[in-house]
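Me: I've got a model open and I want to check the labels people put on it. Can you walk me through them?

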Amino acid sequence: MVKGNTAVKEYPQSEIDQLNYLMDEYGEEIKRLAFTYTKNWQQAEDITQEIFISAYNHLNDFREQSTIKTWIYRIAINKCKDYVRSWHYTKTLLTNTFYQKSNSLSPEEEYLESEQKEQISKLILELPIKYREVIILYYFKEFSLEEISATLSINLNTVKSRLRRAKKNLENKLEREGGGYNG
């Protein structure tokens with residue numbers, strides 16, 4: 001099997017060990033991704049469980065044509081899209097999901113930075129899903145454009161176009177709200 005971008009010779013052999021490995025390696029990332037779709041932590045946790053159950057049930061179907069990371073994200077995105085299509089969900093504020101705090105800032109600087117990040121996170125969640133998912137995968141999950149294309153099963157130029165439009169949309173929203181982001 002392939003881990004991340006490289007082959008792993010000592011990859012766990014039993015399916016249970018493989019599932020545990022996937023959950024340890026990608027569990028938090030997948031839960032955060034699910035939250036960006038659901039905007040509800042409890043629902044994100046439930047969907048994350050469904051994602052790993054599905055991955056476990058299809059471990060033998062993994063053909064190594066992509067990385068394990070791309071494969072598990074593809075399952076996650078499909079499950080999240082199914083949720084969004086099948087349920088009416090309520091909006092909630094994003095609470096420090098994508099960012100880690102820096103201890104080198106003064107309390108005032110930390111507060112201002114957290115306010116900016118919360119504003120941007122809120123704006124990202126307001127984007128249409130097709131723009132939100134490319135922004136999150138590219139900037140927060142550090143996927144390459146090619147990985148995003150493979151994960152979302154869309155053309156590379158479509159990824160570039162959506163990314164460009166999403167950034168422009170965010171810039172316009174920031175300008176309208178009188179806020180700016182300097183980071």
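Me: What do the buried residues of helix 7 pack against?

Reply: Keep in mind that this is a predicted model. In it, the buried residues of helix 7 pack against helix 4 (107-126), helix 5 (129-140) and helix 6 (145-152). The buried set is Val 159, Ser 161, Arg 162, Leu 163, Ala 166, Leu 170, Lys 173 and Leu 174.

Me: How do you know that the length of helix 7 fits what is expected at 1.5 Å a residue?

Reply: Helix 7 covers residues 156-176, 21 residues in total, and reaches 30 Å from first C-alpha to last. The expected figure is also 30 Å, so the two are close.

Me: What makes Asn 155 a cap for helix 7?

Reply: A side-chain oxygen of Asn 155 sits 2.6 Å from the backbone nitrogen of Asn 157, at the N-terminal end of the helix. A polar contact needs an N or O pair within 3.5 Å, so 2.6 Å passes. Helix 2 has a cap too: in Asn 40 a side-chain oxygen lies 3.0 Å from the backbone nitrogen of Gln 42.

Me: Sticking with helix 2, how do you know that its buried residues line one face?

Reply: The buried ones are Ala 44, Ile 47, Thr 48, Ile 51, Phe 52, Ser 54 and Ala 55. Looking down the helix axis, they fall within an arc of 155°, so they line one face. In general, an α-helix has 3.6 residues a turn, so residues three or four places apart point the same way. Turned away from the buried side of helix 2 are the exposed residues Gln 49, Ile 53 and Asn 57. The span of helix 2 checks out as well: its 17 residues should cover 24 Å, and the end C-alpha atoms are 24 Å apart.

Me: Which residues touch the most other members of the largest nonpolar core?

Reply: Leu 22, Ile 30, Trp 71 and Ile 72, out of 44 residues in that core. Helix 1 (15-38), helix 2 (41-57), helix 3 (68-86), helix 4, helix 5, helix 6 and helix 7 each give two or more residues to it. Helix 3 has the largest share, with 10 residues. Zooming in on Ile 72, and skipping residues up to four places away in sequence, its partners are Tyr 26, Ile 30, Ile 51, Phe 52 and Ala 55.

Me: Why is Glu 142 called exposed?

Reply: The cut-off is over 50% relative accessible area, and Glu 142 has 65%, so the label fits. Glu 142 belongs to the loop between helix 5 and helix 6, and has a positive phi of about 55° without being a glycine.

Me: And why does Ser 153 count as exposed?

Reply: Ser 153 comes in at 58% against that cut-off of over 50%, so it counts as exposed. Ser 153 is in the loop between helix 6 and helix 7 and also has a positive phi of about 55°, though it is not a glycine.

Me: Where does the pLDDT stay under 50?

Reply: One such stretch is residues 87-102, with 35 contacts beyond four places in sequence. The chain averages a pLDDT of 80, and 79% of the residues score at least 70. By element, strand 2 (residues 6-7) has the lowest mean, 38, while helix 7 has the highest, 93. Residues 1-10 are below 50 as well. Where pLDDT is low, the predicted coordinates should not be read in detail.

Definitions and conventions. Residues are numbered from 1 along each chain as its sequence is written. Side-chain values use heavy atoms; hydrogens and water are left out. Helices (H or I, at least four residues) and strands (E, at least two) are DSSP runs, numbered from the N terminus. Buried means under 20% relative accessible area, exposed over 50%, partly exposed in between (1.4 Å probe, protein chains only). Contact means heavy atoms within 4.5 Å. A polar contact is a pair of N or O atoms within 3.5 Å; within protein, one must be able to donate a hydrogen and the other to accept it, and residues adjacent in sequence count only if both atoms are side-chain atoms. A nonpolar core is a set of buried Ala, Val, Leu, Ile, Met, Phe, Trp, Tyr and Cys residues joined through side-chain atoms within 4.5 Å. The arc is that of the directions from the helix axis to the C-beta atoms. pLDDT is the predictor's confidence in each residue, from 0 to 100.
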